[in-house]
Amino acid sequence: MEVTSVVQLDQTKAKDEYPNLSLRPLQVSDVDDFMVWASDEKVTRFCTWEPYTNKEDGLNYIKNIVVPHPWLRAICIDDRPVGAISVSANSGNDKCRGELGYVLAFKYWGKGIVTRAVMMVVETIFVEWPHLERLEALVDVENVGSQRVLEKAGFQREGVLRKYLIVKGRSRDRVMLSFLSTDYQS
């Protein structure tokens, strides 16, 4: 019950401050906005990829990875990208699960924007992908802000996966959080 009231407060805060928050496909023409967050070391600290250092690499990433991705959206304010959010599909016996990921320009941290974007994804992904039963996120144990975003959006913390993967040359622990299709009540 406490999570619900926090979610409503946080979503209201983001709605009030940013009434024109939306999700849309990220396009090649968005490369300059993309570079704002993708080249920022503060933003990419917990990402599996290094900060982008030139626009050409950013363009290639958008063309070759973003555009063909089945569910990757720009997080926009007044239709201008300030971050991105994605759901990566699994296949075979794992097709009931999808993995959520997101990134946001540093200037917009702490304003409820990502929490609201995650809630927007939850409201649509289980309808768009009816085979999906579980949306999960793996968050670095030191990334407390991101864990809080997911908890505010109704995700349940399931545990810590120790030494789960190597990020930037170091073995990292990950917190597993999930949201089930049965958790969502419209």
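**Entry: Asp-78**

I began with Asp-78, which is exposed at a relative accessible area of 54%. My cut-offs were under 20% relative accessible area for buried, over 50% for exposed and partly exposed in between, with a 1.4 Å probe and protein chains only. Asp-78 sits in the loop between β2 (72-77) and β3. For helices I took DSSP runs of H or I with at least four residues, for strands runs of E with at least two, numbered from the N terminus. I looked up the backbone too: Asp-78 is not a glycine, yet its phi is positive, about 55°.

A note to self on the model: it is predicted, so local features need pLDDT of at least 70 and side-chain atom pairs count only at pLDDT 80 or more, while totals for chains, interfaces and linings use all residues. Residues are numbered from 1 along each chain as its sequence is written, and side-chain values use heavy atoms, with hydrogens and water left out.

**Entry: Lys-163**

Lys-163 also caught my eye, with a positive phi near 45° in a residue other than glycine. I noted these angles because most residues other than glycine have a negative phi. Lys-163 lies in strand β6 (residues 156-167). Its relative accessible area is 59%, so I filed Lys-163 as exposed.

**Entry: Asp-33 and Arg-80**

Next I turned to charged pairs. I counted a salt bridge when a side-chain nitrogen of Lys or Arg is within 4 Å of a carboxyl oxygen of Asp or Glu. By this rule I get 14 salt bridges.

One of them joins Arg-80 and Asp-33, at 2.6 Å from N to O. This pair links distant parts of the chain: Arg-80 belongs to strand β3 (residues 80-89) and Asp-33 to helix α2 (residues 31-38), 47 residues apart. Are the two partners buried or exposed? I found Arg-80 exposed at 53% relative accessibility, whereas Asp-33 is buried with a relative accessible area of 13%. I then listed what Asp-33 touches, with contact taken as heavy atoms within 4.5 Å. Leaving aside neighbours within four places in sequence, Asp-33 is in contact with Arg-80 and Pro-81.

**Entry: two more bridges**

Asp-94 and Arg-97 form a salt bridge at 3.2 Å, N to O. Here I read partly exposed for Asp-94, at 37% relative accessibility, and partly exposed for Arg-97, at 23%.

The side chains of Arg-174 and Asp-140 meet at 3.1 Å, N to O, in another salt bridge. Arg-174 is in strand β7 (residues 170-180) and Asp-140 in strand β5 (residues 134-140), 34 residues apart, and the pair links distant parts of the chain. I see that both Arg-174 and Asp-140 are buried. Following shared partners, I could join Arg-45, Asp-140, Glu-142, Arg-172 and Arg-174 into one salt-bridge network.

**Entry: Glu-99**

I placed Glu-99 in strand β4 (residues 97-104). Glu-99 is partly exposed, with a relative accessible area of 34%. Which residues does Glu-99 contact once neighbours within four places in sequence are set aside? I wrote down Ser-86, Val-87, Ser-88, Leu-135, Glu-136 and Leu-138. For Ser-86, I also checked the C-alpha atoms: those of Glu-99 and Ser-86 are separated by 7.9 Å, with the two positions 13 residues apart along the chain.

**Entry: the nonpolar core**

I defined a nonpolar core as buried Ala, Val, Leu, Ile, Met, Phe, Trp, Tyr and Cys residues joined through side-chain atoms within 4.5 Å. The largest one has 48 residues, and those with the most contacts inside it are Trp-37, Leu-100, Val-118, Ile-125, Leu-135 and Phe-155. Helix α5 (residues 113-128) gives this core its largest share, nine residues. I followed up Ile-125, which touches Trp-71, Val-87, Leu-132 and Leu-135, not counting residues up to four places away in sequence.

**Entry: cysteines**

How many disulfides does the structure hold? I found zero, taking a disulfide as a pair of cysteine sulfur atoms within 2.5 Å. Cys-76 is in none, as the nearest cysteine sulfur, that of Cys-47, is 18 Å away. Cys-76 is buried at a relative accessible area of 0%, whereas Cys-96 is partly exposed at 28%.

**Entry: the record**

Last, I checked UniProt, where an unreviewed entry lists residues 21-173 as "domain: N-acetyltransferase". UniProt positions are in the numbering used here, feature names are shortened, and annotations may be inferred rather than shown by experiment. Over residues 21-173 I read 32% helix and 34% strand, with the end C-alpha atoms 32 Å apart.
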